[in-house]
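Good morning, colleagues. Please take a moment with the sequence and the structure on the screen before I begin.

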Amino acid sequence: MHLTKTRTLSIAVAATFAAGLAATSASAAPVSGDVPTFQEFAASTYQDEGGVYVVNGDEPEGSMGGLRQFYDSMVSTPKHVDEDSLIVNVVSGRDDKWSATQAANLTYCVSTKFGADYSRVVSAMAAGAGQWEAASSKINYTYVSSQDGNCNTRNSSVVFSVEPTKTTQYIARAFFPSTAKSGRNILVNARSLYNSGSWTPSNIMAHELGHTLGFRHEHTRPEAGTCFEDNNWRPLTPYDSSSIMHYPQCNGTSSNLSMTSADRQGAVDLYGS
């Protein structure tokens, strides 16, 4: 979730791309022409803790190769999507989702390194997870508090960790089901989480948890008219400008990132009712 609510995403892109690929950088570097070279793009892309690149506002790319693939998808000509139909990430032609067994037991911990904000982050996570669990009985997040003192990506006792971040570049960022264990964490700037106006902590965390279920940003769809990311997704429901996965600053119509009936239907379509 990008911190600045009035700017067009993605945080990682250095300049406006051609063919309507509107995006901005948190610290744009001078580029030659409308489309930056890969070298210019990589140099201006925000690198998070551990050298992870952050693209599309709140999505990690763990390697230079992954960043190159992201860049190539951004500068290629967008393909028309014929189906008028929340959207799921696609990897190698397959839906990026958890197995039924794993979806029913998505264990996580919340790092005690949040300090004074620890209890508030625990509450926000529980409330955000509850929104997806209410949408589909097949989805179940399990908080394993006994692992909070050793809450990081190396902890094999949980599927993912929730950890504090020192950066102020975003409110929070997450991962997709296909992400390797070493990259499965939700990083949160707790101060920003609780000072984001109408964007409630519960809804912000539900947005990030949507990514952990495989859901992409709704605004990458052509109907949004801006903030295009790539075409590696499959439609589950008709376009929803009010979706919890749609940034308001990308022609979205929600003022508070609340979950919609279409979001809930998308969860049912992907994981079952």
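**Two sheets, one helix and a network of salt bridges**

Let me start with a single pair: Val88 stands opposite Arg234 in strand 10. I should say at once that what you are viewing is a predicted model. The pair I have just named belongs to the contact between strand 3, residues 87-91, and strand 10, which are joined in the antiparallel sense by three bridges.

Those two strands are part of an open sheet of three strands, ordered 4-3-10, with antiparallel pairing. Which strands stand at the edges? They are strand 4 (94-95) and strand 10 (233-235); each has a single partner strand, so one side of each is left without a neighbour in the sheet.

I turn now to the other sheet. Here five strands form an open arrangement in the order 6-5-7-9-8, and the pairing is mixed. Its edge strands are strand 6 (141-143) and strand 8 (172-173), each of which pairs on one side only. Within this sheet, strand 7 (residues 160-164) and strand 9 (residues 185-188) run parallel and are joined by four bridges. As a point of reference on the screen, Val162 stands opposite Ile186 in strand 9.

Two helices pack on this sheet. Helix 4, residues 118-135, touches strand 5 (106-110), strand 6, strand 7 and strand 9, and its direction makes about 160 degrees with that of strand 5. Helix 6, residues 201-212, touches strand 6, strand 7, strand 8 and strand 9; its direction makes about 155 degrees with that of strand 9.

Helix 6 merits a further look. How many of its twelve residues are buried? The count is twelve of twelve, and the helix is thus described as mostly covered. The buried residues include Pro201, Ile204, Met205, Leu209 and Thr212, and polar names such as Asn203, His207, Glu208 and His211 are also among them.

A check of the helix length is also possible. At 1.5 Å a residue, the expected span for the twelve residues of helix 6 is 16 Å, and the end C-alpha atoms lie 17 Å apart, which agrees. After helix 6 comes Gly214, with a positive phi near 110 degrees.

This brings me to the charged side chains. As a general matter, side chains of opposite charge can pair when their charged atoms come close. In this model the count comes to six salt bridges, and I shall discuss three of them.

The side chains of Arg216 and Glu229 meet in a salt bridge at 3.1 Å, N to O. Both residues are in the loop between helix 6 and strand 10, 13 residues apart, and the pair links distant parts of the chain. Are these two residues buried or exposed? Arg216 is buried, and Glu229 is buried as well.

Arg216 also meets Asp230 in a salt bridge, here at 2.9 Å, N to O. Asp230 is again in the loop between helix 6 and strand 10, 14 residues from Arg216, and Asp230 is buried, as is Arg216. Arg216, Glu229 and Asp230 are therefore linked in a network, given that a salt bridge requires a nitrogen of Lys or Arg within 4 Å of a carboxyl oxygen of Asp or Glu.

The last pair on my list is Arg221 with Glu218, whose closest N and O atoms are 3.3 Å apart. Arg221 and Glu218 are both buried.

That concludes the presentation; I welcome your questions.

Technical notes:
Residues numbered from 1 in each chain as written. Predicted model: local features only at pLDDT ≥ 70, side-chain atom pairs only at ≥ 80, totals over all residues. Heavy atoms only, no water. Pairing = 2+ DSSP bridges. Contact = heavy atoms within 4.5 Å. Axes fitted to C-alpha atoms, helices over the stretch in contact; angles between N-to-C directions. Buried < 20%, exposed > 50% of the residue type's maximum accessible area, 1.4 Å probe, protein only. Expected span 1.5 Å × (residues − 1).
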